[in-house]
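Please open the model in a viewer and keep the selection panel at hand. The tour proceeds from the whole chain to individual sites.

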Amino acid sequence: MKIIEGNIVDVVKREIFKGRIFFENNISKIERIEYVNDTNFILPGFIDAHLHIESTMLTPVEYSKIALKHGVIAAITDPHEIANVCGIDGINYMIDNAKKTPMKIYFGAPSCVPATPFENNGAIISAKEIEALFKSKKCFQLSEMMNFPGVINDDKDVWEKIKVAKKYNRKIDGHAPLLSGEGLKKYIEAGISTDHETTKLDEALEKIKDGMKIILRNSSASRDFLHLISLIETHPNKTMMCTDDCHPDDLEKGYINEMVKTAIEKGYNVFDVISIASKNAKDHYGTETGLLQLYDPADFIVIDNFKNFNIKKVFVNGIEQLNEDPIKKQNPKNEIINNFHQNKIFLNDVRFPSKNKKINAIRIIEDSIITKKEKYQIKENVEYFESETEDDILKIVIVNRYKKAKPTVGFVNGFNLKKGAIGSSVAHDSHNIVVIGVSDKEICKAISSIQESKGGLVAVNGNETHLLPLPIGGIMSDKSCEEVSRQYKSLNNIAKEMGCKIHAPFMTLSFMSLLVIPEIKIGDMGLFDVNKFSFINVYDE
């Protein structure tokens, strides 16, 4: 029998008391005592209520190692990134890899593979495949329904997936950026219960009023948490916490624990904050995670105090994770799975006739994945337009990585590159190749580098090429978080040396092709107006 004592934080009864916990895999006894030798606080482990593990660029095993260090003992994850590349084989890869870690990882069935019919990806997952995933109990909920226009406009395939989820009594996660009014009501009435894409307080309040729960997000590209933090006080039972998409350098620095620490520092109620980071997700999704109640799984963390919030111990099913390192004992090896066609691109393929015309460009908004449409008049009297660094207009190219096809060419504002090019095969959600750059020559060089390695992030500056290989699906590394983070930081620094001023250039780049987030994006089939849900011409005609 194992015993631990300290200040026990009971979020169910909303009290903190000096006590002693007796446990093996489960808690067998909780004893109140007058004095404890240890001044530490014992509280439930945290749950990330929505993320894509693939976005960390780590395998589930490597992700779990860093997550556990930050006190995150469970995650609700949507494997639609790898599913868009490798289909059901990709989902099975993630599930099998996750079995090698003690972390409690709950996979959802991806609802949008492909995310839209307006781009090419590597697989299709229909209602039939989703039903098989539910039947086999491999997946526990229907993951974010990104095709909200399909729900509202009664798309047959979309509604078939919703019906399957209801048949098996599974939760349905949402994805409804800026959706409001009658469209929002119909979306929620379909049975969709959560949203993590909310960026504004009035938007959140409308969704809560109509019956939704809001998952507060703090990701590498979308730092919405502080904009919505007041919901902790006004609607503590209607909120959860998540990261959605978090790159390894940010993950190293902090996770859900940093969101909790920040909220407590700002004076929000300790029980509300910790419940939002643990209990609310357990209650909503039905996870088999403990809340420091009698007979619960022995899942808990130990911190020094609420001010410093240093995590000293982490237990999952009664096994201490930070010292014993059960993952290391297994020494799991990462298999390689991929789907990559090397579509050779030449200079002529990415050239853009200037015609001295006005063009539609994508304007990024820092710390957000929402973009705006920007009109720009080409000033240079040249036959082919490459970029205009003074006005921060750069060429963006999307290359289909699943079959031979001509690349799509557009323009973007907000990256501030003054030279070179950066590129990625992490390009939500279909994960084609996306590159931005100052010159066509460097853009082509970046594309070739990614193709030769069958996936990766790259920075090109003249004759210099710097690459972070991502051999697993072209979106994940087979290395540790520390190694991937080191290479990723190096690439970010190189991008910034080339003039880029935004916090996370590669994460932001990866969302330029996400055709389900307003206002304007670009995919391998063309420039796309998300509000109209249709293609538009790069020339402003």
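Helices, of at least four residues, and strands, of at least two, are DSSP runs numbered from the N terminus. The model is predicted. On that basis, the secondary structure of the protein comes to 18 helices and 26 strands. The radius of gyration is 23 Å, close to the 24 Å that the globule rule gives for 541 residues, so the protein is as compact as a globular protein of that length.

**The whole chain**

Select the C-alpha trace and orient the view along the principal axes, where the trace spans about 80 × 50 × 45 Å. Switch next to a surface: the protein exposes about 20400 Å², of which carbon and sulfur atoms supply 47%. Of the 541 residues, 63% count as buried. Among contacts with a separation of 6 or more, 69% are between residues 24 or more positions apart.

**Helix H2**

Select residues 80-98, which form helix H2. What is the distance between the end C-alpha atoms of this helix? The span is only 15 Å, whereas a straight helix of 19 residues would span 27 Å. Centre the view on Cys86, where H2 bends by about 140°. Restoring the surrounding residues shows H2 mostly covered, with 16 of its 19 residues buried.

**Two cis peptide bonds**

Move to Pro114, located in the loop between strand E7 (104-107) and helix H3 (127-135). The peptide bond leading from Val113 to Pro114 is cis, with omega near 5°. Then select Asp429, in the loop between strand E20 (421-424) and strand E21 (433-437). His428 and Asp429 are joined by a cis peptide bond with omega of about 0°.

**Two residues with positive phi**

Asp244 occupies the loop between strand E12 (239-242) and helix H10 (248-253). Although Asp244 is not a glycine, its phi is positive, at about 70°. Is Asp244 buried or exposed? Its relative accessibility is 3%, so Asp244 counts as buried.

Leu292 comes next, in the loop between helix H13 (279-285) and strand E13 (300-303). Leu292, likewise not a glycine, has a positive phi of about 65°. Leu292 counts as buried because its relative accessibility is 2%.

**Asp224**

Select Asp224 in the loop between strand E11 (213-217) and helix H8 (225-228). With 2% relative accessibility, Asp224 counts as buried. Which residues does Asp224 touch, beyond those up to four places away in sequence? They are Thr198, Thr199 and Arg217. With Arg217 there is a polar contact of 2.9 Å between the two side chains.

**Asn413**

Asn413 is found in strand E19 (residues 408-413). Its relative accessibility of 13% lies under the 20% cut-off, so Asn413 counts as buried. Display the side chain of Asn413 together with two backbone oxygens: that of Asp391 is reached at 3.5 Å, and that of Asp392 lies 3.1 Å from a polar atom of the side chain. Beyond residues up to four places away in sequence, Asn413 touches Ile362, Arg363, Ile364, Asp391, Asp392 and Ile393.

**Lys501**

Finish at Lys501, in the loop between helix H17 (481-497) and helix H18 (505-510). Lys501 has a relative accessibility of 65%, over the 50% cut-off, and therefore counts as exposed. Leaving aside neighbours within four places in sequence, Lys501 is in contact with Glu366, Phe415 and Asn416. Add Thr59 to the selection: it is 442 residues from Lys501 along the chain, and the two C-alpha atoms are separated by 29 Å.

Definitions and conventions:
Residues are numbered from 1 along each chain as its sequence is written. Side-chain values use heavy atoms; hydrogens and water are left out. Buried means under 20% relative accessible area, exposed over 50%, partly exposed in between (1.4 Å probe, protein chains only). A polar contact is a pair of N or O atoms within 3.5 Å; within protein, one must be able to donate a hydrogen and the other to accept it, and residues adjacent in sequence count only if both atoms are side-chain atoms. Contact means heavy atoms within 4.5 Å. The expected span of a helix is 1.5 Å times one less than its number of residues. The bend at a residue is the angle between axes fitted to the seven residues ending there and the seven starting there. The radius of gyration is taken over C-alpha atoms; the globule rule is 2.2 Å times the number of residues to the power 0.38. Accessible areas come from the Shrake-Rupley method with a 1.4 Å probe; for residues, only the protein chains shown count as cover.
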